[in-house]
Amino acid sequence: MNQTVFAPWDDPAEKPLIRFENVTKRFGEFVAIDDLTLDIFEKEFFALLGPSGCGKTTMMRMLAGFETPTEGRIELAGQDIAPVPPNKRAVNMMFQSYALFPHLSVYENIAFGLRRGDMPKNDIDDRVGEMLKLTRLEKFARRKPHQISGGQRQRVALARSLAKAPKLLLLDEPLGALDAKLRQATQFELMDIQEKTGTTFVIVTHDQEEAMTVASRVAVMDEGRVMQVATPERIYEAPSSVYVADFIGDVNIVGGSTKPAGAGQYHVHWAEGQAPFMAASDRAFSDGQACHLAVRPEKIAISAERPSDAENAVQGTVLDIAYLGNLSTYHVELPGGQIIKAQTANTQRISRRSFTWEDPVWVSWTATAGVLLEQ
Amino acid sequence: MNRLSWFNVTSLTLGFAFLYLPMVILVIYSFNESKLVTVWAGFSTKWYGELLQNEAFLDAAWVTVKVAVLSSTLATVLGTMAAYVLVRGGRFLGRTVFSGMIYAPLVMPEVITGLSLLLLFIGIGLDRGVLTIVLAHTTFSMCYVSVVVSSRLMTFDRSLEEAALDLGCSSFMAFRLVTLPIIAPAVISGWLLAFTLSLDDLVIASFTAGPSATTLPIKIFSAVRLGVSPEINALSTIMIGIVTVGVISASLISKRNSLRQQRDEQAAARTA
């Protein structure tokens, strides 16, 4: 098999399956989506991530046809879909509440969409069988939705929305109602099914871990705008703004001003009377420009002595320790009150932990560990 | 288990006596041998026999049932449609006015409803009979149906309808295949409510009934004005019996359904 990286978004010749073009959606005075432009490609597993009320559900409902954009255009495979009603779109949706029809059996729920077309009875039967097999529900075909468990209901909803082989499948918080263990297993199952069927998935979620796990690309949204669209790695390692850095995972943000130090290196002056931090940046900053240095806690080392080779090292006292089992997060207070979180993996048993409250410690990180952000 | 205190026993007895004593007396006197209603002269079922001979009562009973079935069916169709539009129709001009107006007949004095219907029927030259009673009963019971159905629709998960649309249904198909089967219990109870309202009604029926058709309540009322006959006691006892059987079987059915639902859900939780 040819091992090419799946990255149609980097190929300018590739035509997107979905194109949002300057889409704005207003509900009365409220702007739900603000002049949004976005491309989603075929076979992508695309995640819309954001806090509640950021407009991600509105975007999904516009794709399904339950809302129409106030301004702008949404194209599906090059066609403007605004005039197409939901029942005529090659788009299916898996609802957050699953929306299974309580009066129909699992079999009939899955067959529901197929029966609306002019598909022959035998083909319907085959297709439903296929879907039952895909979602491992063969044993439950005759049951009603209230006779199966939450995880099984979730799979029925998925089977029903996939049965018509849509070009695009929309998933609205598909795993929200499942408990943590089941959710993890289901995430991998979703990815597996997406790969098997080759359908384009767009998932809406407020759970960043879920988005990072399943998606090929993630769009981080806030107040109707897309803050950044990138692969999970880039979102995490190279956030484009403080908002994105802060929304995904844990991060230390240090405010200051820059002083170029040549070759993409900058000094960050962060407090009076303290040595500046060193940071590498692809983005150019001018002398004295306000900036934020974002460093992930796991990239910060903690030690009793000053590490001799560290590019950035600063002394502080341990203020708090959060023990998470596999990890410990140390909150270290620097002179001037700035708090830095440093994370270490607990490779040893807790009794041999080297630091405790009020201990003076050194925190250190490299120049490339952090990201310099304008805003 | 708490034992009932004397206070609870007393209030229970008083309350139920208040509710049921009149009916008990009526039932007892329906088996009275004597023609005099207030004097007990031994057990007999002869009034039931005479009732079956009484053409006027039987005719009235038949008219009543016919009117009740027709008007409650019509009211259910119209009331459900109204409820659906008011709950689901989104915002349209005059929606608030409409939703207020649909409930107005609930509080309107029956005399006024009856009188205005009478004026209307005379105005358009409609002869009073079964048709006019059906129309009148539909008018006032329709709003009861729409109250029952719209309260069910308000708690109805809208995404079920959206799912049906998403899977290729037109809005009418979505209503017929998804919404209607799910709200069916509310629609049925709306029908039953309209049915009983129509059976009961005396005031509006007396405005809109004509010489060609009288309902049972009118018949009973006019008969009683000439003096209470044991025949009427017998008739009322039969009606009480029918209502009792209906209520008990309805509650048994709903109890059985909820038990089954509970059992299914427990079974699902175990296999999860």
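**Exercise 1.** Which residues have the most contacts inside the largest nonpolar core, and how many residues does that core have?

*Solution.* The structure is a predicted model, and in it the largest nonpolar core has 101 residues. Those with the most contacts inside this core are Ala47(A), Leu63(A), Leu170(A) and Val202(A). As a next step, consider where the core lies: domain 1 (8-243) and domain 2 (250-373) of chain A both give residues to it, so the core lies between these domains. Taking Leu63(A) as an example, and leaving aside residues up to four places away in sequence, one finds that it touches Ile18(A), Ile74(A), Val91(A), Leu168(A), Leu170(A) and Val202(A). Apart from this core lies another, of 39 residues, among them Val63(B), Cys143(B), Ile232(B) and Leu235(B).

**Exercise 2.** Determine whether helix H4 (residues 150-162) of chain A is enclosed by the rest of the structure, and what covers its buried residues.

*Solution.* Begin with the geometry: H4(A) has 13 residues and reaches 19 Å from its first C-alpha to its last, which is close to the 18 Å expected at 1.5 Å a residue. Then turn to burial, for which a residue needs 20 or more other C-beta atoms within 10 Å of its own. In H4(A), 11 of the 13 residues are buried, and therefore the helix is largely enclosed by the rest of the structure; the buried residues include Arg153(A), Arg155(A), Val156(A), Leu158(A) and Leu162(A). Finally, the cover over these buried residues includes strand S6 (91-94), helix H2, helix H3 (121-134), strand S7 (168-172) and helix H5 of chain A. Two of these helices also mark the ends of the confidence range among the elements of chain A, since H5 (residues 180-197) has the lowest mean pLDDT (88) and H2 (residues 106-115) the highest (95).

**Exercise 3.** Work out the order of the strands in the open sheet of four strands in chain A, and identify those at the edges.

*Solution.* The order is S2-S1-S4-S5, with antiparallel pairing. Strand S2 (30-40) and strand S5 (79-80) stand at the edges with a single partner strand each, so one side of each is left without a neighbour in the sheet. Seven bridges join S2(A) to strand S1 (residues 18-27), and within this pairing Lys25(A) has Ile33(A) as its bridge partner.

**Exercise 4.** Describe the hairpin that S17(A) and S18(A) form.

*Solution.* Strand S17 (residues 327-333) and strand S18 (residues 339-345) of chain A pair in the antiparallel sense over seven bridges, with Val332(A) opposite Ile340(A). Five residues lie between the two strands, and Gly336(A) in the turn has a positive phi of about 100°.

How values were computed:
Residues numbered from 1 in each chain as written. Chains lettered and ligands numbered in written order. Predicted model: local features only at pLDDT ≥ 70, side-chain atom pairs only at ≥ 80, totals over all residues. pLDDT = per-residue confidence, 0-100. Pairing = 2+ DSSP bridges. Expected span 1.5 Å × (residues − 1). Buried ≥ 20, exposed ≤ 12 C-beta atoms within 10 Å, placed from the backbone. Contact = placed C-beta atoms within 7 Å. Core = buried A, V, L, I, M, F, W, Y, C linked by C-beta atoms within 7 Å. Domains from an automatic or database assignment.
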